[in-house]
Amino acid sequence: DNSSAWRMEPNIPLVVPEVNAGVLTANDKIIANPNCSTIQMVVVLKPLHDKYKIKRVVVSTYQSVTGTGKKAVDQMMNERAGIKGEMAYAYQIDMNALPHIDVFLDNGYTKEEMKMVNETKKIMGDDSIRVTATTVRIPTIGGHSESVNIEFEHDFDVNEVRDILSHSPGVVVVDDVKNLKYPMPIHAHDKDDTFVGRIRRDETQPNTLNCWIVSDNLRKGAATNAVQIAEYLLQKQLL
């Protein structure tokens with residue numbers, strides 16, 4: 001199920017195959033596909049959590065209009081062409097950024113932000129991980145981008161982090177700033193992998209890492225992840 005209906009139901013598995021496919025059994029008749037922004041983040045977080053144990057995550061997203069749907073893409077392209085048309089958003093999206101995805105809740109966060117908080121804990125299988133998010137819609141169509149600040153319980157070596165991620169399933173490291181190599185939505189578009197770069201130590205506090213994560217929200221963020229779940233079920237003969 002690729003909607004948000006079942007994601008936080010206690011007895012319904014919420015699955016990103018690279019992270020927690022092992023929770024699936026032959027008895028699972030409904031399997032929830034997570035939020036697109038959560039999927040690409042946890043693919044990167046999981047191998048680092050296994051090694052260094054994550055304490056806290058601060059994430060700001062820069063999300064494609066394709067996450068809203070065709071109406072939003074049409075709005076952006078109409079605005080770019082100077083054509084008046086139907087509005088998917090309350091404001092202009094072209095040449096703008098909207099710090100508002102889904103509805104606002106009583107705590108001042110949006111549903112999209114709280115999805116990232118709650119789904120991350122469930123997928124990672126660790127309620128001790130603290131997550132705080134700000135989600136932003138920007139005028140791109142290739143995929144979602146995320147600036148992620150990760151505080152670990154244990155110290156790390158940045159080169160070891162790159163090596164761990166380079167050998168993690170579904171992750172491609174693009175991190176060569178001397179040659180201006182870093183992930184961008186235009187490169188993630190129509191690809192199934194999750195790309196990570198700008199990997200560097202946060203110099204303001206101990207055991208903390210900054211990175212930049214990009215993935216096609218319609219592929220790994222939705223359709224590809226669902227197909228991978230089905231492939232896993234077939235491989236393990238759980239269907």
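Select D102 in this predicted model. D102 sits in the loop that joins α3 (70-81) to α4 (111-124). Check its backbone: the phi angle is positive, about 75 degrees, although D102 is not a glycine. With a relative accessibility of 32%, D102 counts as partly exposed, because that class runs between the 20% limit for buried and the 50% limit for exposed.

Next, go to R80, which belongs to helix α3. R80 counts as partly exposed, since its relative accessibility is 48%. Now show its contacts, leaving out neighbours within four places in sequence: R80 touches D94 and P139. P139 is 59 residues from R80 along the chain, and the two C-alpha atoms are 10 Å apart.

Move to the loop between β5 and β6 and pick N207. N207 is another residue to check for phi: the angle is positive, about 55 degrees, and N207 is not a glycine. Is N207 buried or exposed? Its relative accessible area is 18%, so N207 is buried; the cut-off for that class is under 20%.

Now select α2, residues 36-52. This helix has 17 residues, and the distance from its first C-alpha to its last is 25 Å, close to the 24 Å expected at 1.5 Å a residue. Look along the helix to V42, where α2 bends by about 30 degrees. Colour α2 by accessibility and most of the helix is covered, with 15 of its 17 residues buried.

Keep α2 on screen and add α7, residues 219-235. How are two packed helices described? By the angle between their axes and the distance between the axes. For α2 and α7, the angle is about 85 degrees and the axes are 8 Å apart. That angle makes α2 roughly perpendicular to α7, because 65 to 115 degrees is the range for that description. Show side chains where the two helices touch: C36, I39 and V43 of α2 meet K220, G221 and N225 of α7. By type, the residues of this contact divide into three nonpolar, two polar and one charged.

Hide α2 and stay with α7. Where is the kink in α7 centred? It is centred on N225, and the kink is about 40 degrees. N225 is also one of the α7 residues that meet α2. Use the distance tool on the end C-alpha atoms of α7: the helix spans only 21 Å, whereas a straight helix of 17 residues would span 24 Å at 1.5 Å a residue.

Then select the buried residues of α7: K220, G221, A222, T224, N225, I229, Y232 and L233. To find what covers them, bring back the surrounding elements, which include α1 (17-20), α2 (36-52), β5 (194-201) and β6 (208-215). N207, visited earlier, lies in the loop between β5 and β6.

Finish at the end of α7. K236 is in the segment that follows the helix. At 44% relative accessibility, K236 counts as partly exposed. Draw a line from K236 to S37: their C-alpha atoms are 27 Å apart, and 199 residues separate them in sequence. The last stop is Q237, just after α7, where phi is positive at about 55 degrees.

Conventions
Residues numbered from 1 in each chain as written. Predicted model: local features only at pLDDT ≥ 70, side-chain atom pairs only at ≥ 80, totals over all residues. Heavy atoms only, no water. Helix = DSSP H or I, 4+ residues; strand = E, 2+ residues; numbered from the N terminus. Expected span 1.5 Å × (residues − 1). Bend = angle between axes of the 7 residues up to and from the residue. Buried < 20%, exposed > 50% of the residue type's maximum accessible area, 1.4 Å probe, protein only. Contact = heavy atoms within 4.5 Å. Axes fitted to C-alpha atoms, helices over the stretch in contact; angles between N-to-C directions. Parallel < 35°, antiparallel > 145°, perpendicular 65-115°, else oblique. Nonpolar A, V, L, I, M, F, W, Y, C, P; charged D, E, K, R; others polar.
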